[in-house]
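Here are a few exercises to work through with the model open beside you. Try each task before reading its solution.

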Amino acid sequence: MENYSGENRCAADFMDIASLRDVQLSRLQKIVAHAYKNVEFFRNRMDEKGITPEDIKSLTDIQKLPFSKKVDLRDTYPFGLCAVPMSEVVRLHASSGTTGKPIVVAYTKEDLDVWSEVMCRGLAGAGLSKNDIIQIAYGYGLFTGGLGAHYGCETLGATVVPASVGNTRRQVMLMRDFGVTGICCTPSYFLHLIEQADIYGIDMRELPVRVGIFGAEPWSQGMREQLEKGAGIEAFDIYGLSEIIGPGVAIECSEHSGMHVFEDHFYPEIIDPDTGEVLPDGEFGELVLTTLSKYAMPMIRYRTRDLTRIIAEPCKCGRTIRRIDRISARSDDMFIIRGVNVFPSQIESALLTVPGVSANYLIILTTEKGMDNIELQVEMSPEAFSDQVKVLEDLQRNISRAVESVIGLRIRVKLVAPQTIARSEGKAKRVLDQRIKG
Ligand code: DLL
């Protein structure tokens with residue numbers, strides 16, 4: 001990769017701000033012209049607003065451009081947003097979503113190079129190098145996690161173990177036998193790996209694994225502590241989405257105070273999700289991303305639905321690219337219960353402040369006598385597992401209080417024995433909505 005020194009640093013991450021803004025503007029102008037010329041959807045939307053690519057004279061002019069959304073990808077399924085002929089497309093990925101048709105994303109050879117570059121920069125910033133053996137336990141296939149991490153690790157020059165998801169016993173065996181030093185998977189799956197290793201008599205803390213690259217789903221600080229303590233590793237949060245490129249849009253550095261956005265390739269904005277108004281750096285809202293250098297399927301001002309804020313203050317690591325805060329929630333994940341807006345991530349954060357619980361939980365929404373109810377099923381950690389009623393009651397009360405203090409609603413807590421809540425190999429399913437609709 002150009003400018004990658006092999007010592008955890010890539011010059012592009014440390015560019016002076018004025019040069020970075022120049023790079024962003026010239027890339028933005030080029031990509032908007034490309035999208036306008038080659039994608040009917042973007043041309044129509046811009047024409048409706050009376051905007052032409054020539055109107056983009058400064059970075060703030062991006063605000064004149066129309067937003068795009070997931071529904072636009074669905075409506076143009078499968079290739080309606082492609083900006084190059086199919087002969088230039090070398091890869092397709094798709095994200096299943098919860099309803100209807102998947103959304104499809106396409107890459108040229110150069111787009112794949114950009115993806116590999118950002119992943120490589122991120123992995124290097126997390127302290128990984130060509131001397132590491134990295135196991136990839138994100139799914140390979142249409143999901144972007146596996147292949148995205150794979151190409152990044154290869155660009156870094158690391159030794160890749162392309163394990164994909166599943167077969168947990170074999171995953172643990174490979175980690176031990178190959179002397180794996182880095183692992184990429186969802187945080188919930190890594191928690192499962194730690195637990196299973198324990199059952200097979202392997203203490204993950206004694207294995208050489210020292211770095212975990214975890215993303216694809218929201219996870220809390222409490223979860224980080226469980227993963228780091230349980231495996232003796234340093235955990236890094238990585239963010240991305242298929243529509244923009246896949247994993248590698250942003251990742252933590254070793255300061256762990258937000259994720260650096262590779263903003264020479266992905267331009268971030270935060271908007272008020274209700275009004276669409278652009279918010280100043282530091283304010284929480286919906287993340288909007290524009291791809292500055294992806295040519296097969298450029299995305300202009302894509303509304304991610306992910307809620308966060310931009311951290312513009314300089315990071316201690318010296319990288320000049322700005323950070324985003326941990327994704328606190330996805331606006332689609334929010335549920336409304338008795339008139340109160342609740343995000344699953346709020347429940348996880350509160351839950352994991354209580355000692356003696358594991359990060360395996362399930363939120364079950366039901367209707368009882370016409371009223372919405374939340375039941376929180378929580379697995380106890382094996383150490384805290386007890387048959388003493390008093391101990392269990394205390395724990396239940398502590399969890400209930402901790403959650404109530406955050407969401408303002410009384411919830412029912414049901415403690416369940418270790419290993420009873422179904423594990424997921426990819427993104428964990430945290431909410432079961434069994435409410436009667438209508
Ligand atoms: O999940 C890409 C990815 C793979 C990211 C591996 C990181 C690691 P999608 O399946 O399209 O792509 O889902 C994207 O997942 O809009 C967020 O809501 C959520 N998400 C991804 N990373 C994080 C994270 C991949 N670190 C959607 N924290 C995004 C919270 C995340 N949510």
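**Exercise 1.** In which helix does Gln24 lie? Then decide whether Gln24 is buried or exposed, and list its contacts.

*Solution.* A word on the input: this is a predicted model, where local features need pLDDT of at least 70 and side-chain atom pairs count only at pLDDT 80 or more, while totals for chains, interfaces and linings use all residues. Residues are numbered from 1 along each chain as its sequence is written, and side-chain values use heavy atoms, with hydrogens and water left out.

- Step 1: Gln24 lies in helix α1, residues 17–38 (helices are DSSP runs of H or I with at least four residues, strands are runs of E with at least two, numbered from the N terminus).
- Step 2: Gln24 counts as buried because its relative accessibility is 0% (buried means under 20% relative accessible area, exposed over 50%, partly exposed in between, with a 1.4 Å probe and protein chains only).
- Step 3: Not counting residues up to four places away in sequence, Gln24 touches Leu59, Glu263, Asp264, Tyr267 and Leu292 (contact means heavy atoms within 4.5 Å).

**Exercise 2.** Place Arg322 in the fold and classify its accessibility.

*Solution.*
- Step 1: Arg322 sits in the loop between β13 (310–311) and β14 (323–324).
- Step 2: Its relative accessibility is 11%, so Arg322 counts as buried.
- Step 3: Beyond its neighbours within four places in sequence, Arg322 has contacts that include Arg21, Glu263, Tyr267 and Asp281.

**Exercise 3.** Which residues have the most contacts inside the largest nonpolar core?

*Solution.*
- Step 1: A nonpolar core is a set of buried Ala, Val, Leu, Ile, Met, Phe, Trp, Tyr and Cys residues joined through side-chain atoms within 4.5 Å.
- Step 2: The largest one has 78 residues, and Ile213, Tyr239, Phe266 and Ile324 have the most contacts inside it.
- Step 3: Helix α4 (residues 109–125) gives the largest share of this core, eight residues.
- Step 4: A second, separate core has 54 residues, including Ile183 and Val354.

**Exercise 4.** Which residues come nearest to the ligand, and which polar contacts can you find there?

*Solution.*
- Step 1: Among the 20 residues around the ligand, Asp237, Ile238, Ser242, Asp306 and Lys427 come nearest (near means a heavy atom within 4 Å).
- Step 2: An N or O atom in the side chain of Asp237 is 2.8 Å from a nitrogen atom of the ligand.
- Step 3: A polar side-chain atom of Lys427 lies 2.8 Å from an oxygen atom of the ligand.
- Step 4: β7 supplies the largest share of the shell, five residues.

Key
Polar contact = N/O pair within 3.5 Å; in protein donor to acceptor, adjacent residues only side chain to side chain.
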